[in-house]
Amino acid sequence: MIDWLIRRFVAGADNVQDPAVRTRYGQFAGTVGIICNVALCLAKGAVGLIAGSVSIVADAVNNLSDASSNVISLLGFKLASRPADPEHPYGHGRYEYLSGLIVAALVLAIGFELVKSSIEKILSPTPVEFSGALVIVLALSIAVKLWMAVFNRTIGRRIGSETLEATAVDSRNDVISTGAVLVSAVIAHLTGLDLDGWVGCAVGLFILWSGIGLVRETVDPLLGQAPSPELVDHIRTKIMSYPGVLGTHDLMVHDYGPGRQFASAHVEMAAEADPLESHDLIDNIEQDFKTDDRMIVTLHYDPIVTDDPAVNDMRNWINQAVKIIDPRLSIHDLRTVVGPTHTNVIFDCVRPQDLTMPASQLKRRIDQIVRDHYPRCRCVITIDESYVSSAQ
């Protein structure tokens, strides 16, 4: 049914890489969410007021906040689709992250108010009127929210939207909270035990907990979150797949919103090869990323001496030796300058962000390791910081 709805209302649904199609997906998901949440809010609000249940009214208010979130998400997708301009040359994609942050703030505010009203109900309890309509409305709400969770997760994964993935999680949480309200109403009817205020408080705390998680998820990309391991592996694998590429390093990925990522990296190629041919290959790699992945990638050409066995052996030995300090360390751009009294070995070393050893101490350790094996050598080391996760 979800696929039928998508194909019925989203033009060009198969071309998810097209920013215009992605925007249509987001607007469609937001519209469906608004309709469902407003309907649930009205139904549960009416039943909750008639029954005198604060937990049901709280659940209705939660649906209203969800509808407000859908409106903000809808606006976020619309603003994010605006093209680049002189003031914003990388586009407006981060509006989607900002809309997610506003949604998270609303969730936190609603959660706080629900906890407050539920505590008042605990201190001053009032009886809850049980009815078949109450059970039907809550059961229907659970079914609708379960469908919405699957709906938003399906679209979110299809277009790679963290906002819709978060909406799916929020719908799943609503299934849990509404189920708890229904259970408390049934228990109160069968046993006379009034758990309404306590359940309302639990629902509010659950919403607060979800809101904190949503804040974290939306703030991370705004602060410059490390790229995903899958993206890093894809970029590296694609670069290495071209003939003549010996290695790649210094990868940086900048995220300006979903579908608006820019990357840069260094590409190692044989110094003995024709530099014009090497430059042409790098141009082709950049164009292939733009065509295949809709990603602007800028590559820097690093010539590597490959016809000197002594230098090759030294490069391989040092690259393995630095792993004694930390298995994640690696070197690149090694070259040598031979002098009458000693040989300068010049190279870069990539230092993981979470390595506690300072850069100055790391240089001294590596220099000592190399001197012990190559007494005539002196190291000239540049420490590079890794801009991907240390786990990658």
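# Close-ups of a predicted model

**View 1. The β4-β5 hairpin.** β4 and β5 run antiparallel and are joined by seven bridges. This is a predicted model, as are all the views that follow. Between the two strands of the hairpin sit four residues. If you want a pair to find your bearings, try histidine 332, which stands opposite aspartate 348 in β5.

**View 2. The open sheet β4-β5-β6.** Pull back from the hairpin and you get an open sheet of three strands in the order β4-β5-β6, with mixed pairing. The edges belong to β4 (330-338) and β6 (377-385); each has a single partner strand, so one side of each is left without a neighbour in the sheet. Ignoring direction, neighbouring strands here are turned by 15° against each other on average. How do β5 and β6 run, parallel or antiparallel? Strand β5 (residues 343-351) and β6 run parallel, with nine bridges joining them. One pair to look for is cysteine 349 with its bridge partner in β6, isoleucine 383.

**View 3. Two helices lying across the β4-β5-β6 strands.** α10 lies across β4, β5 and β6, and runs at about 140° to β4. α11 lies across β5 and β6, at about 145° to β6.

**View 4. Where α10 meets α11.** Here helix α10 (residues 309-321) packs with helix α11 (residues 359-373) at an angle of about 130°, and the axes are 11 Å apart. That angle makes α10 oblique to α11. The crossing in which α10 passes α11 is right-handed. On the α10 side, the contact is made by Trp317, Ile318 and Ala321; on the α11 side, by Ile369, Val370 and His373. Sorted by class, the contact of α10 with α11 comes out as five nonpolar residues, one polar and no charged ones. A general reminder while you look at helix faces: an α-helix has 3.6 residues a turn, so residues three or four places apart point the same way.

**View 5. The open sheet β1-β2-β3 with α9 packed on it.** Another open sheet of three strands has the order β1-β2-β3, again with mixed pairing. At its edges stand β1 (245-255) and β3 (296-304), each with a single partner strand, so one side of each is left without a neighbour in the sheet. On average, neighbouring strands of this sheet are turned by 15° against each other, direction ignored. β1 pairs with strand β2 (residues 261-270) in the antiparallel sense, over eight bridges. Look for glycine 247, whose bridge partner in β2 is glutamate 268. Helix α9 (residues 275-293) packs on the sheet and touches β1, β2 and β3, with its direction making about 155° with that of β3.

**View 6. α5 alongside α6.** The axes of helix α5 (residues 132-159) and α6 come within 7 Å and cross at roughly 165°. α5 and α6 are therefore roughly antiparallel to each other. Which hand does the crossing of α5 and α6 have, left or right? The crossing is left-handed. The residues in the contact of α5 with α6 divide into 15 nonpolar, seven polar and six charged.

**View 7. α6 and α7, packed together.** Helix α6 (residues 162-191) also packs with helix α7 (residues 196-223), at an angle of about 170° and with the axes 10 Å apart. That makes α6 roughly antiparallel to α7. From α6, Glu162, Ala166, Asn173, Ile176, Ser177, Ala180, Val181 and Ser184 do the meeting; from α7, the residues they meet are Val199, Val203, Phe206, Ser210, Leu214, Glu217 and Pro221. By class, the contact of α6 with α7 holds nine nonpolar, four polar and two charged residues.

**View 8. α6 and α2 from end to end.** α6 has 30 residues and reaches 43 Å from its first C-alpha to its last, close to the 44 Å expected at 1.5 Å a residue. Just after α6, glycine 192 takes a positive phi of about 80°. Now for helix α2 (residues 19-51): its 33 residues should span 48 Å at 1.5 Å a residue, and its end C-alpha atoms are 47 Å apart, which agrees. Just after α2 comes glycine 52, with a positive phi of about 70°.

Key:
Residues are numbered from 1 along each chain as its sequence is written. This is a predicted model: local features need pLDDT of at least 70, side-chain atom pairs count only at pLDDT 80 or more; totals for chains, interfaces and linings use all residues. Side-chain values use heavy atoms; hydrogens and water are left out. Axes are lines fitted to C-alpha atoms, for helices over the stretch in contact, and angles run from 0 to 180 degrees between N-to-C directions. Angles under 35 degrees count as roughly parallel, over 145 as roughly antiparallel, 65 to 115 as roughly perpendicular and the rest as oblique. A crossing is left-handed if the near helix is turned anticlockwise from the far one by less than a right angle, and right-handed if clockwise. Contact means heavy atoms within 4.5 Å. Ala, Val, Leu, Ile, Met, Phe, Trp, Tyr, Cys and Pro count as nonpolar, Asp, Glu, Lys and Arg as charged, and the others, Gly among them, as polar. The expected span of a helix is 1.5 Å times one less than its number of residues. Two strands pair if DSSP finds at least two bridges between them.
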